[in-house]
Amino acid sequence: MHPSFGIITSLQYEVKKLTKLVEAFQSGEKYVRMENEFHKIIEGLKREIRSLKAELAAAHAETIHVRNQWFEIFEDLEKEKNAQLTRKESEVKKAKEAMYQAQRQRDKALEKLHKKSLELYEVRTQLEEERGKNQELTARVNRDYTNSSKSSSQSPNHGKIHNGREKTGRKPGGQPGHAHHKRKRQEPDRIVEIPPLEEVASSQEYRATGRLIRRQVVILHVSTEVVEYVTPEYVSRLTGKKVHAPFPEGVKDDVNYDATVKAAAYLLNNQCYVSINKTREFLSAVSGGKVTLSGGMVCGLSEEFSKKTREERDRIFLELLASPHMHVDFTFGRVNGKQGSVIICASEGRVLYQGKEKKGHEGVKGSPAEIYEGTVIHDHEATFQSYGKEHQECLVHYPATIIIREESPDMACILEILLFFSNNHVLFNSGIRGFCFLVYAPGSIRHLLETTFHSIPSGGGPWYFGTIRRRFG
C-alpha cells in the first residue's frame with residue numbers, strides 16, 4: 001500500500017468533521033446549545049455565590065456576637081481587677097501606716113530599754129563595788145597571824161606556832177655550786193654606743209682588744225589608742241525615722257573597749273588573781289585614765305569569753321569522742337568562795353575543761369566521758385569504770401620502785417615497774433626493764449639505774465628482790 005494513502009484518509013475524515021461543524025454553526029444549532037450550557041453554568045455559579053454569601057454573613061454575625069461577648073467579659077474582668085487593685089492599695093496604705101506606727105513605737109521602746117539598761121548597769125556596778133568593799137572589809141576583819149603579816153601576839157588565844165622544817169645550818173638563798181641562770185639575750189630594737197674613756201683611749205698603756213662588751217636593758221611600754229568612727233545621720237520626711245550607716249561589729253555604745261582591753265582585764269583578774277577593783281585601778285593608771293572599766297564588766301568577762309569559745313569547745317568535744325583513747329580525771333576549784341569540781345578530758349593534745357558542782361556520776365553528765373566508746377585512761381576511780389568500753393590505769397600515779405639488796409654490793413639497785421592494763425598487774429622481765437630504765441626512771445637516779453642494769457645477771461626470778469625498798473615520787 002502506498003504510504004500517503006493513510007495520510008490522505010486521515011485528512012479526509014478531518015475535512016468531513018470540520019465541514020459538519022461549519023454547517024452546525026451556519027444553521028445556529030451550535031450557538032443555541034453553547035448558550036444553554038453557558039446559562040446552566042452561570043446559574044450554578046450564582047447559586048454557589050448566594051450560598052457562600054449566606055455562610056459569610058452567618059460567620060460575620062457569629063464573629064460580631066463572639067466579639068461582643070468577649071468585650072463584655074473583658075470589661076467585667078477589668079472592673080474586677082480595678083476593684084481588687086483599689087482594695088490592695090488601700091490595704092497596703094493601711095499596712096504601711098501600721099508599720100510606720102510600729103517602728104515609731106519600737107524606737108521609743110528601744111530608747112526606754114536603753115535608758116533602763118544604763119540604769120541597771122549603773123545599779124549592778126554599784127552593787128559589785130559594794131560587794132567588793134564588803135569582801136575587803138570582811139577580809140580585814142578576819143585577818144590574823146595565819147593569813148596575813150599580822151603578828152600572832154595581836155591575836156588573843158592563839159596556839160603555839162611550830163616550825164616543822166629541819167634546820168640545816170645553811171644560809172638562805174643560792175648555795176655553793178649552784179649554776180648561775182643567765183637571762184636570755186633579746187634582739188635589740190635600738191643600740192646606744194658608749195664612747196671609751198678618754199684617759200684609757202689616749203693612754204699608751206691600753207690597747208683595744210676588738211671585743212665589744214654588750215649589756216641590754218629591756219623597757220616595757222604601755223600605750224592606748226582611741227579610734228573614733230563617724231557617720232552622717234539621715235531622717236525620713238514621711239515617718240521621722242533616723243538612719244545612719246552601720247558601725248563595725250562590736251561598736252554598739254558611745255564608748256567601747258576592744259578585745260585587747262578585755263583580755264588584759266580577764267588575765268589580771270583570773271590568771272594573776274588580782275581583785276576586780278585593783279584590776280580597774282591598774283588599767284586606769286597605765287592608760288592615763290582612758291580605760292575606766294566597771295566592776296560589772298570585769299565580773300562578766302568570764303561568761304563572755306566562755307560564750308565566744310563555744311564553737312571551739314564543741315569541736316574539741318566531737319574530736320575527743322572520735323579519738324581511740326581519752327584521759328579523764330577530776331580536780332577541784334572554787335567558784336565565788338564555794339568548792340566545785342572540774343572534769344578534765346584530754347587526748348592527743350586536745351584538752352576540755354568543764355566545771356561541775358559535784359564529782360561522781362553527776363559530774364560526768366554532759367562531758368565526753370558520758371557517751372565515750374573507746375579506751376578510758378584514769379586513776380582507777382570507781383566512777384569512770386561505768387564509762388567507755390575498755391579501761392587503762394594512768395602510769396603517772398605509780399612512780400618507780402627501787403629495790404636494794406644488802407647481800408650484793410655490786411648490784412646497787414634495780415627498777416621494778418608495775419603497769420596496770422585492764423586492772424591487771426604486769427611485771428616486766430629483765431630484758432624489758434632495760435628499756436623502762438631509760439623511759440620511766442627519775443632523773444636523779446637514771447645514771448645509777450643504767451649502771452646497775454648491766455650488772456644484773458641473766459635469768460631473772462625472785463633473786464632480785466631484797467629487803468629494803470625506797471620509793472621515789
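Ile-377 stands opposite Gln-392 in strand E7, in a predicted model where local features need pLDDT of at least 70, side-chain atom pairs count only at pLDDT 80 or more, and totals for chains, interfaces and linings use all residues. Residues are numbered from 1 along each chain as its sequence is written, and side-chain values use heavy atoms, with hydrogens and water left out. E6 and E7 pair in the parallel sense over 4 bridges, where pairing requires that DSSP finds at least two bridges between the strands. Helices (H or I, at least four residues) and strands (E, at least two) are DSSP runs, numbered from the N terminus. Along E7, residues 390–393, the side chains alternate: His-391 and Glu-393 point to one face and are buried, while Glu-390 and Gln-392 point to the other and are not. Here, buried means under 20% relative accessible area, exposed over 50%, and partly exposed in between, with a 1.4 Å probe and protein chains only. This pattern can be set beside a general rule: in a regular strand the side chains alternate between the two faces of the sheet.

A look at the whole chain gives the setting. The secondary structure of the protein chain comes to 11 helices and 12 strands. Of its 473 residues, 17% are buried. The accessible surface comes to about 39100 Å², of which 55% belongs to carbon and sulfur atoms; these areas come from the Shrake-Rupley method with a 1.4 Å probe, and for residues only the protein chains shown count as cover. Among contacts with a separation of 6 or more, 45% are between residues 24 or more positions apart, a contact being heavy atoms within 4.5 Å.

Strand E4 (338–347) has antiparallel partners in both E3 and E5. With E3 (325–335), E4 is joined by 9 bridges in the antiparallel sense, and the bridge partner of His-327 in E4 is Ala-346. With E5 (350–356), E4 runs antiparallel over 7 bridges, and Ala-346 stands opposite Val-351 in E5. E4 is mostly covered, as 7 of its 10 residues are buried. E4 and E5 form a hairpin with 2 residues between them. In that turn, Glu-348 has a positive phi of about 55° although it is not a glycine, and at 52% relative accessibility Glu-348 counts as exposed.

A positive phi also turns up elsewhere. Tyr-273, in the loop between helix H4 (259–271) and helix H5 (276–286), has a phi near 60°, a positive value in a residue other than glycine. Tyr-273 counts as exposed because its relative accessibility is 71%. As a general point, most residues other than glycine have a negative phi.

Which strands help to cover the buried residues of helix H8? The cover includes E3, E4 and E5. The buried residues of H8 are Ile-316, Phe-317 and Leu-320. They cover an arc of only 105° around the axis, which puts them on the same side of H8; the arc is that of the directions from the helix axis to the C-beta atoms. The face of H8 turned away from this buried side carries the exposed residues Glu-311, Leu-318 and Ala-322. At 1.5 Å a residue, the 13 residues of H8 (310–322) should span 18 Å, and the end C-alpha atoms are 19 Å apart, which agrees. The expected span is 1.5 Å times one less than the number of residues in the helix.

The largest nonpolar core has 15 residues, of which Leu-320, Met-326, Val-328, Ile-343, Cys-345 and Val-364 touch the most other members. H8, E3 and E4 each supply at least two residues of this core. Such a core is a set of buried Ala, Val, Leu, Ile, Met, Phe, Trp, Tyr and Cys residues joined through side-chain atoms within 4.5 Å. Not counting residues up to four places away in sequence, the contacts of Met-326 include Leu-320, Cys-345, Ala-346, Tyr-372 and Ile-377. Apart from the largest core lies another, of 9 residues, among them Leu-268, Leu-283, Val-298 and Leu-301.

Ser-367 is a final point of interest, in the loop between helix H9 (360–364) and strand E6 (375–378). At 2% relative accessibility, Ser-367 counts as buried. Ser-367 touches Phe-317, Ile-343, Gln-354 and Lys-356, not counting residues up to four places away in sequence.
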